[in-house]
Amino acid sequence: MKTTEQMYDSIKSNLLDSMLGVMENLKDSEFIRVFEELFKTHFNVSKIEFFLYEDNQFHPAAALLKEDSRKRVGVLETLTSPMLSGTFSETDDSLDFADDTLMIRNEKREPVAMVLVKSTDEWHAFASSEYFKEFQLLLGRLIETIKGYQSLYKHAQNYESLLEATKTFNSTMELGVIHSQLVSTVSKNLGPIRVELILSQEQMDTSCPYRLFDYTNELPSTVEAFLSGELTLGKDTENDAAILSAPVKGMQGTYGILQLSAPSHQKFSLMQKEFVRNISESAGHAIENTSLYDQSHRLIHELQLVNVVSKKLTERLSFVEMITYINDRLKETFEPEEVAFVYFREQDPPVLSKESTSYFLTQAGVRYLDYAESRIRKENGAVFIADLKNEEIEGFTPYRSLMIAPIIITEKIAGFALLMHTEKYHFTFEDFKLVKAIISHSSLALSNSALREKLQDLANKDQMTGLYARGYLDRHMSSAYKNGIGGAFLLLDVDDFKQVNDQFGHSVGDCVLQQTAELLMSSITEKDIAGRWGGEEFAIYLPGATLKEGKRLAKQLLLEMPRVTQPSVTVSIGVSVWQPSTNEETYQQLFQNTDEALYSAKSGGKNRIIVSGSVLAE
């Protein structure tokens, strides 16, 4: 025979296993059967009556055994009808058997549930044991856990239903579908509660049953919900019903009321009210969108596009990157058959964006570009052509619908976007206004980008000589070094430059520096970089160059310098060459070695070249 301790250990094991099954299956009836099995197995009790404590009252759970369905409301919402004395037609006879009561409390000593039991010897013995109070507390914990778990599950069900309904709302432009989905979803989730749709205007295109809102005959709570746009609770005394009225509203107004009727003693839970509020508002927005479809659809689309473009253009994009991005958005939004983005570069010919369609690389496409440029310059603004006539452009014109929007920077036309389609009237005037808005909005960003690039160029260069500043040269060489690009490095110093300033004045000295810079620029290729190192010192970086190539350039500069400067001056030059290494100190050593070579050239008599004794390599 088991001891009381062994029995309690067995009870705990069985109870925990059973509760895990309840949480896994989420069947309301299992919640009751676990307790029936528990008392039958361990205490030889053949029948119990189980009650849950909610809203300061105990509620019978027997009805759950008749509604074993996941699609019905859960334990918390089924047991909203309080147990009233003398009204249990279904359970009165069964309650006569009970002669003992198990009150189940939580750790705060608050009632959680109650079990009516017909006492047996086993039950009496256990109830008198030292484990009984612990048993009560365990049951309280498990019941609250199960109730919480089922509440979360019901929340998930509600949100899943809300999500599915919202998908339907957003995927249709038919009022009848929205009305039906609203009523059916609420009816399905709230079980036996009566659901009625009250609309503010008569609807000819809906098959869903409804009635018109009538101020004079509606319940006060229904009128309040319609006027305030807020969820209201009320009572229908004539039908002995509790009423929940949810406004079906959008941004522009209230389009109706979703009214729920339940027995007067029933309370609508917070979960129910939240669900009804959310789905009613979702339906209201869908109805509003349907009613204002043409206008709102376009407005939302335009706002989204402008918002996306604006956000993107706030990023630090280069001028070309911005052109490319805007080009892509135009293709995506207006679906032209051909699109071109052209921008002007001072004296150079117009540049066609590489993202433009290949048609504009043909002779026929070039004619359209020329036509577009001539039209925007003539009109000094955007041009909309719904049906281009053959006589308006030289040659055959398969493309009939055109939109041309100029890019204006500092009040000058800096380029244009051209969208074309073979179908006449393919682009609407609303499309044209949106294109103008996008391009106009983008022009400021493009202007800022161009200005930023110009300012960056100014920051990177020495203003007197036009050569790159030392900081830029250092950053460029550092980047090349890290990317595995070696090369030759030259440091030049104008000999006796102080004497030039003292003898001829600083303005002449400045001219000598500018003449030196011109010589350096004319002596290097596009990939090379010449910079002013500081004062009368200059530097040249030849990416990937060998020592032989570095010496050749140094000799050329040494010979040309006296010829191009007035007054004639000479230079001393230090040369180094290196291969990149992962050691940062090696990179810094390059400058030191070159500087030492330059110092040797100057101290050795000037007007000469000294090659650094150590050629840096990995």
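This is a short guided tour of a predicted model, with three stops to select in the viewer.

**First stop: a four-stranded sheet**

Begin by selecting residues 48-54, which form strand 1, together with residues 111-117, which form strand 4. These two strands run antiparallel and are joined by five bridges. Within this pairing, Phe-50 has Val-115 of strand 4 as its bridge partner. Next, add strand 2 (57-60) and strand 3 (100-105) to the selection. The four strands make an open, antiparallel sheet in the order 2-1-4-3. Strands 2 and 3 stand at the edges with a single partner strand each, so one side of each has no neighbour in the sheet. From one strand to the next, the twist averages 25°. Then display residues 132-171: this is helix 6, which lies across strands 1, 3 and 4 and runs at about 60° to strand 3.

**Second stop: helix 8**

Select residues 220-228, the extent of helix 8, where the buried residues include Val-223 and Phe-226. The buried residues of this helix pack against strand 5 (194-199), strand 7 (232-236), strand 8 (241-249) and strand 9 (254-263). After the helix comes Gly-229, with a positive phi near 75°.

**Third stop: strand 18**

Finally, select residues 571-578, strand 18, in which eight of eight residues are buried. Val-571, Ile-573, Val-575 and Val-577 point one way, while Ser-572, Gly-574, Ser-576 and Trp-578 point the other way. Add residues 487-494 to see strand 15, which is antiparallel to strand 18 and joined to it by eight bridges; here Val-494 stands opposite Val-571. Strand 19 (residues 609-611) pairs with strand 18 in the parallel sense over three bridges, and its Ile-610 is the bridge partner of Gly-574.

Note on methods: Residues numbered from 1 in each chain as written. Predicted model: local features only at pLDDT ≥ 70, side-chain atom pairs only at ≥ 80, totals over all residues. Heavy atoms only, no water. Pairing = 2+ DSSP bridges. Axes fitted to C-alpha atoms, helices over the stretch in contact; angles between N-to-C directions. Contact = heavy atoms within 4.5 Å. Buried < 20%, exposed > 50% of the residue type's maximum accessible area, 1.4 Å probe, protein only.
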